[in-house]
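Please open the structure in your viewer and keep a selection panel at hand. The tour below proceeds from one selection to the next and describes what is found at each stop.

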Amino acid sequence: TLNSLLMAQARQSLQGKWGLVIGAVIINFLVGMISVVPVIGWIASIIICPVVYVGLMTFMLCVSRGKEGKIEQLFEPLNNGSLFGTAIAATLLQTVLIILGCICLIIPGIYLAFSFKMTMLIIADNPTIGPLDALKKSHSLMNGNKMKYFFMMCRFIGWFILSCCTFGVGFLWLVPYVHISDAKFYDDILHSEKNNQEEIEENQSPELTE
């Protein structure tokens with residue numbers, strides 16, 4: 001599916017829900033503000049922020065798929081021990097790998113950042129998945145789709161400049177737009193992978209003879 005169409009679908013999904021989605025983004029931002037507190041805030045942010053972010057991705061997937069998104073979804077992972085640990089472990093793993101990639105050379109770091117971009121959406125969509133499996137799944141989904149995703153992000157440059165010109169106010173609309181577009185992109189490549197697997201299985205199955 002063309003990026004322009006995915007973004008148009010994102011805008012359609014946001015119709016009548018802008019206030020709700022902006023509210024969710026603001027809450028996630030406020031949770032992230034705990035990191036400004038020295039030491040205790042840094043530790044708390046490492047533990048809490050990834051978990052709430054998975055909740056935010058669950059919320060975004062619901063909105064993207066035309067389901068009822070609820071603000072409470074942001075905090076539901078905090079009550080799920082398995083999901084809690086997965087969110088933290090996956091965030092730490094991808095952060096370490098991306099940093100190591102950047103230390104080696106900038107390009108490997110960028111490559112890994114794009115490869116792991118769908119990790120949190122995958123965890124939100126598959127609450128029982130392990131952190132390593134989520135990273136592998138993201139790497140698999142983004143295989144052959146990294147440039148397409150890069151070009152989709154480039155389409156937001158004008159929106160980014162406009163948001164900066166409005167002293168940051170525009171980000172209240174840009175961030176939800178990007179998140180829902182990400183969710184649309186995720187569902188699109190997930191659907192494509194499923195179709196490819198079914199096609200491979202059909203080609204591998206023995207032909208029926210009369």
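A residue is called buried when its relative accessible area is under 20%, exposed when that area is over 50%, and partly exposed in between. The model on display is predicted.

**First stop: D188 and K148**

Select D188. Its relative accessibility is 11%, so D188 counts as buried. Now add K148, which forms a salt bridge with D188; the closest N and O atoms are 3.2 Å apart. K148 belongs to helix α8 and D188 to helix α10, so the pair ties together parts that are 40 residues apart in sequence. K148, at 22% relative accessibility, counts as partly exposed.

**Second stop: E193 and K137**

Stay on helix α10 and select E193, then K137 in helix α7; this pair links distant parts of the chain, 56 residues apart. Between E193 and K137 there is a salt bridge, with the closest N and O atoms 2.7 Å apart. Are the two partners buried, partly exposed or exposed? E193 counts as buried because its relative accessibility is 15%, whereas K137, at 28%, counts as partly exposed.

**Third stop: R65, D125 and D187**

Select R65 and D125 next. The two form a salt bridge in which the closest N and O atoms are 3.0 Å apart. R65 sits in the loop between α3 and α4 and D125 in helix α6, so that distant parts of the chain, 60 residues apart, are linked by the pair. Relative accessibility is 33% for R65, which therefore counts as partly exposed. D125 is also partly exposed, with a relative accessible area of 25%. Add D187 to the selection: salt bridges that share partners join R65, D125 and D187 into one network. Over the whole structure, a search finds five salt bridges.

**Fourth stop: the nonpolar core**

Hide the charged side chains and select M60, M118, I123 and F185. These are the residues with the most contacts inside the largest nonpolar core, which has 45 residues. Which helices each supply at least two residues of this core? They are α1 (3-14), α2 (18-32), α3 (40-64), α4 (81-104), α6 (119-125), α7 (131-142), α8 (146-154) and α10. Colour α3 separately, since this helix gives the most to the core, with 10 residues.

**Fifth stop: F167**

Move to the loop between α9 (157-165) and α10, where F167 is found. Inspect the backbone here: phi of F167 is near 60°, a positive value in a residue other than glycine. With a relative accessibility of 80%, F167 counts as exposed.

**Last stop: the negative patch on α10**

Follow helix α10, which spans residues 171-204 and contains E201. Select E198, E199, E201 and E202, which form a negative surface patch. E201 counts as exposed because its relative accessibility is 53%. E199 is also placed in helix α10 and is partly exposed, with a relative accessible area of 47%. To finish, draw a distance from the C-alpha atom of E199 to that of I161: the two atoms are separated by 43 Å, and the residues are 38 apart along the chain.

Technical notes:
Residues numbered from 1 in each chain as written. Predicted model: local features only at pLDDT ≥ 70, side-chain atom pairs only at ≥ 80, totals over all residues. Heavy atoms only, no water. Patch = residues over 30% accessible without salt bridge, like charges linked within 9 Å, V, L, I, M, F, W, Y side chains within 5 Å. Areas by Shrake-Rupley, 256 points an atom, 1.4 Å probe, with all protein chains shown as cover. Salt bridge = Lys/Arg side-chain N within 4 Å of Asp/Glu carboxyl O. Lys, Arg positive; Asp, Glu negative; His and termini not counted. Charge placed at Lys NZ, Arg CZ, Asp CG, Glu CD. Helix = DSSP H or I, 4+ residues; strand = E, 2+ residues; numbered from the N terminus. Buried < 20%, exposed > 50% of the residue type's maximum accessible area, 1.4 Å probe, protein only. Core = buried A, V, L, I, M, F, W, Y, C linked by side-chain atoms within 4.5 Å.
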